[in-house]
Amino acid sequence: MILANYISDLLYRYECVIVPDFGGFVTNRIGAKINENDNTFNPPSKQITFNSHLTVNDGLLANYIASSENISFEKASNAIALSVIKWQNELQTKPLEIGSIGVLSLNENGQLIFEPNYSTNYLAASFGLSTVESAIIKRHKEIVKPLIPVSEKQDKKGIPAFIKYAATAAILLTLGVVGNNIYQQNEQNVLFANQQKALEKKIQAATFVISNPLPTLELKIAKEEKVIKPFHVVAGAFQFPENAEKKVNELKELGYEASILGVNKWGLTEVAFNSFSSRNDAINNLYKIQKTVSKDAWLLVKK
């Protein structure tokens, strides 16, 4: 069994995958970006980091291996423990390559250093998108030469007098036409404004009367929003359904929102302490229950 393959599968679907007694691989979504050094466009992706403090078993990895290999949860947990021992021994002598996820190594102080593999994109929404390389765009700056004014001497000798007078007359004629148009436009605006005010007065003075109005209907629509809770802190699995119902009643008396999750593929009825819509809330509740009530409690994820 290659443990790295199962971790890689779960990273496409979940934000955190914990390897019990070893550490957790945490993903963080980043948007598309441009690399100015090599002129490439990178699609949105998941950035993977490693946290050596996340060592408590949340049941996600073991449950996935048990379902994939058709083995029990206990056998899957033992297989994970054997792989962790092998990884820890290998880290003492050389860097540990974890499939397509990245490479783990020890620094001079004995701390774990993780270098992710950027060639694999674990963001399912970006499936099929690859890095695009663009050619360099060269921009040419156009030099604009400044206008050279004509001197008075050139103006007197080079331009005939009748052209000057014709240009002056054309300018005066244009100004007259523009002024006349502006005056007519102002007159039209004033007339339109007066008509608009008169129309508004007539509308305000008008009275609308309906002799037989229809009765008013009030519709009350109740909104029901069903909250999906796929994360369950499991208290146990029972062969007989009556024992599962008895366990639910006991947990409810203790203040838990206990429920029966259904029958698993081994024919056992699963009972949960609590169910949550948030993975973080479920993991926090699991840690609390393992410390105070039951060390055998584990996390079940149902989609």
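Entry 1, overview. I began by counting the secondary structure, and I found seven helices and 13 strands in the protein. I note here that I am reading a predicted model. I then looked up how much of the chain is covered, and buried residues make up 28% of the 303 residues. For the surface, I wrote down an exposed area of about 22,700 Å², of which carbon and sulfur atoms supply 55%. When I turned to contacts with a separation of 6 or more, I saw that residues 24 or more positions apart account for 60% of them.

Entry 2, helix α2. I next went to α2, which spans residues 60–69, and listed its buried residues as L60, L61, A62, N63, I65 and A66. I asked myself what covers these buried residues of α2. The cover includes the helices α1 (3–11), α3 (73–91) and α7 (279–292), together with the strands β1 (16–19) and β13 (298–301). Just past the helix I checked N70, which follows α2 and has a positive phi, near 60°.

Entry 3, strand β13. Since β13 is among the elements covering the buried residues of α2, I looked at its side chains and noted that W298 and L300 point one way while L299 and V301 point the other way. In a regular strand the side chains alternate between the two faces of the sheet. Are the four residues of β13 buried or exposed? I found that W298, L299, L300 and V301 are all buried.

Entry 4, the partner of β13. I followed the pairing to strand β10, residues 231–238, which runs antiparallel to β13 over four bridges. Within this pairing I looked up H232, and its bridge partner in β13 is L300, a residue that I had already recorded as buried.

Methods:
Residues are numbered from 1 along each chain as its sequence is written. This is a predicted model: local features need pLDDT of at least 70, side-chain atom pairs count only at pLDDT 80 or more; totals for chains, interfaces and linings use all residues. Side-chain values use heavy atoms; hydrogens and water are left out. Buried means under 20% relative accessible area, exposed over 50%, partly exposed in between (1.4 Å probe, protein chains only). Contact means heavy atoms within 4.5 Å. Two strands pair if DSSP finds at least two bridges between them. Accessible areas come from the Shrake-Rupley method with a 1.4 Å probe; for residues, only the protein chains shown count as cover.
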